[in-house]
Amino acid sequence: MNETPASQQPSLGLALRHAHLRAARLFSKELAPLELENHHAGILLHICLLGMQTQRQLVDSMGVDKSMMVRTLDALEARGLVRREAHPTDRRAHAIVVTDAGRAMYDQVAAAVTRTEERVTACFTPEERDLFRSMVVRFAYAPTDEPAG
């Protein structure tokens, strides 16, 4: 293993950014045969995993711009993967629900996720892969950004 002197190692933030770019690039290649872009797949995965969402809930939980969300949902709806319905409890909102075609596409996207994760973590032993995954998930979903103490 090549060891880089500490003074020459990139910051954690920069390394995370490069890791994200690498993973996104590999995921994009996996999605190409499905004719989906990363953000389309991300929203489809999100709705399939969490169930019906309002557009506002999707914007808030995914941290994307409202106009970007509208365009992405329009594209997914045009392909028949999601549909907008009247929300069952909020007359002002539309519910975004996955169609049967969307659920079938979800299975293909989930397989692309698995292949991408395998490629991204190929440099690790199985034990390192499990540790890396658990640490990244814990870091990403930490309950607070406030320092302990």
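Before I turn to the model, one definition: helices here are DSSP runs of H or I with at least four residues, numbered from the N terminus. With that convention in place, I can describe the structure, which is a predicted model.

Let me begin with the overall architecture. The protein chain contains six helices and three strands. Read from the N terminus, its elements follow the order α-α-β-α-α-β-β-α-α. Along the principal axes, the C-alpha atoms occupy a box of roughly 60 × 45 × 25 Å. The chain has 149 residues, and 25% of them count as buried. Among contacts with a separation of 6 or more, 52% come from residues 24 or more positions apart.

I turn next to the sheet. It is an open sheet of three strands, arranged in the order 1-3-2 with antiparallel pairing. Strand 1, residues 53-54, and strand 2, residues 82-86, stand at the edges; each has a single partner strand, so one side of each lacks a neighbour in the sheet. As general background, the strands of a sheet pair through backbone hydrogen bonds, in either a parallel or an antiparallel sense.

How many bridges join strand 2 to strand 3? There are five, and strand 3 itself covers residues 94-98. Within this pairing, V82 has V98 as its bridge partner, and R83 is matched with V97. On the other side, strand 1 and strand 3 run antiparallel and are joined by two bridges. There, Q53 stands opposite I96.

Is strand 3 largely enclosed or open? Four of its five residues are buried, so strand 3 is largely enclosed by the rest of the structure. One element that lies across the sheet strands is helix 2, residues 38-50, which runs at about 95° to strand 3 and lies across strand 1 and strand 2 as well.

The next topic is the largest pocket. Its space comes to about 2,000 Å³. The lining consists of 36 residues, and those nearest the pocket centre are H20, A23, E117, V136 and A140. Which helices each supply at least two residues of this lining? They are helix 1 (12-31), helix 2, helix 3 (55-62), helix 5 (100-120) and helix 6 (126-140). Helix 1 gives the most, with nine residues. By residue class, the lining divides into 24 nonpolar, seven polar and five charged residues.

Two individual residues deserve a comment. The first is L21, which belongs to helix 1. At 35% relative accessibility, L21 counts as partly exposed. L21 and Q9 are twelve residues apart in sequence, and their C-alpha atoms are 18 Å apart in space.

The second is E35, in the loop between helix 1 and helix 2. What is noted about the backbone of E35? Its phi is positive, at about 55°, although E35 is not a glycine. For context, most residues other than glycine have a negative phi. Is E35 buried or exposed? Its relative accessibility is 66%, and the cut-off for exposed is over 50%, so E35 counts as exposed.

To summarise, the predicted model has an open sheet in the order 1-3-2, with helix 2 lying across its three strands. Its largest pocket is lined by 36 residues, and helix 1 is the leading contributor to that lining.

Note on methods:
Residues are numbered from 1 along each chain as its sequence is written. This is a predicted model: local features need pLDDT of at least 70, side-chain atom pairs count only at pLDDT 80 or more; totals for chains, interfaces and linings use all residues. Side-chain values use heavy atoms; hydrogens and water are left out. Two strands pair if DSSP finds at least two bridges between them. Contact means heavy atoms within 4.5 Å. Axes are lines fitted to C-alpha atoms, for helices over the stretch in contact, and angles run from 0 to 180 degrees between N-to-C directions. On a 1 Å grid over the protein atoms alone, a cavity is a set of points where a 1.4 Å probe fits but cannot get out, and a pocket is an open set with protein on both sides within 12 Å along at least five of seven lines; lining residues have an atom within 4 Å of a point. Grid points are joined across faces, edges and corners, and a volume is the space filled by probe spheres set on the points. Ala, Val, Leu, Ile, Met, Phe, Trp, Tyr, Cys and Pro count as nonpolar, Asp, Glu, Lys and Arg as charged, and the others, Gly among them, as polar. Buried means under 20% relative accessible area, exposed over 50%, partly exposed in between (1.4 Å probe, protein chains only).
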